[in-house]
Amino acid sequence: MKAVIHPPVHESYQRHRSQRTWQIILPVVLAAIVFIALIVLVSLAAIRGTGDVARWAAVATIWISVPAILFGLIVFLLLAGFVYLKMRLLRIAPIYTGKAQDFVYRLSGAVKRAADAAAKPVIFLGGLGATIQALLGRK
């Protein structure tokens, strides 16, 4: 016997299926149809001999190179922005890192004093007990 697993029917799953159809499947199918139509158009122009195949090759090269150029421009702008922000950060960082270092140094001193104050009674009682044992001669 095989277990039958029914798909979930809650609202979020139904929204997901609808979004998958409209936001993923439909654009991919439309892009595939457009590309197939362009392939058929170029093929017909080349077969008939009426179209200029070199012109179509140039158009195809443009369509291939434009997205790569735009992507490269976006990456260049992002890197230039990061370099600029890093330069600005390095101008002001020594001031604030020095202040942060001073604050942490003062905080560590306060933490050490608080830890010593918390441990002082325990150490005092342990020393007092050891002194009493030494006076009474017990080990």
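**Two helices and a spread-out chain**

Right after helix α1 comes G49, and its phi is positive, near 85°. The model is a predicted one, in which local features need pLDDT of at least 70 and side-chain atom pairs count only at pLDDT 80 or more, while totals for chains, interfaces and linings use all residues. Residues are numbered from 1 along each chain as its sequence is written, and side-chain values use heavy atoms, with hydrogens and water left out.

Helix α1 itself takes in residues 11–48, 38 residues in total, and runs 54 Å from its first C-alpha to its last. That is close to the 56 Å expected at 1.5 Å a residue (the expected span being 1.5 Å times one less than the number of residues). Still, α1 has a kink of about 35° at I25, shortly before the proline P27; the bend at a residue is the angle between axes fitted to the seven residues ending there and the seven starting there.

The other helix, α2, covers residues 53–136 and includes F71. A kink turns up here too, about 45° at A93, shortly before the proline P94. Just after α2 sits G137, with a positive phi of about 80°. G137 counts as exposed because its relative accessible area is 59% (exposed means over 50%, buried under 20%, and partly exposed in between, with a 1.4 Å probe and protein chains only). Between the C-alpha atoms of G137 and L85 there are 72 Å, and the two are 52 residues apart along the chain.

F71 is exposed as well, at 58% relative accessibility. F71 joins I74, V75, L78, L79, F82, Y84, L85 and M87 in a nonpolar surface patch of about 920 Å². Patch members have over 30% relative accessible area and no salt bridge; like charges are joined within 9 Å, and nonpolar side chains (Val, Leu, Ile, Met, Phe, Trp, Tyr) within 5 Å. A salt bridge here is a side-chain nitrogen of Lys or Arg within 4 Å of a carboxyl oxygen of Asp or Glu.

As for the whole protein, there are two helices and zero strands (DSSP runs numbered from the N terminus: helices are H or I, at least four residues, and strands E, at least two). The radius of gyration is 38 Å, well over the 14 Å that the globule rule gives for 139 residues, so the protein is more spread out than a compact globule. That radius is taken over C-alpha atoms, and the rule is 2.2 Å times the number of residues to the power 0.38. Along its principal axes, the C-alpha trace spans about 120 × 65 × 30 Å. Of the 139 residues, 1% count as buried.

Note on methods. Areas by Shrake-Rupley, 256 points an atom, 1.4 Å probe, with all protein chains shown as cover.
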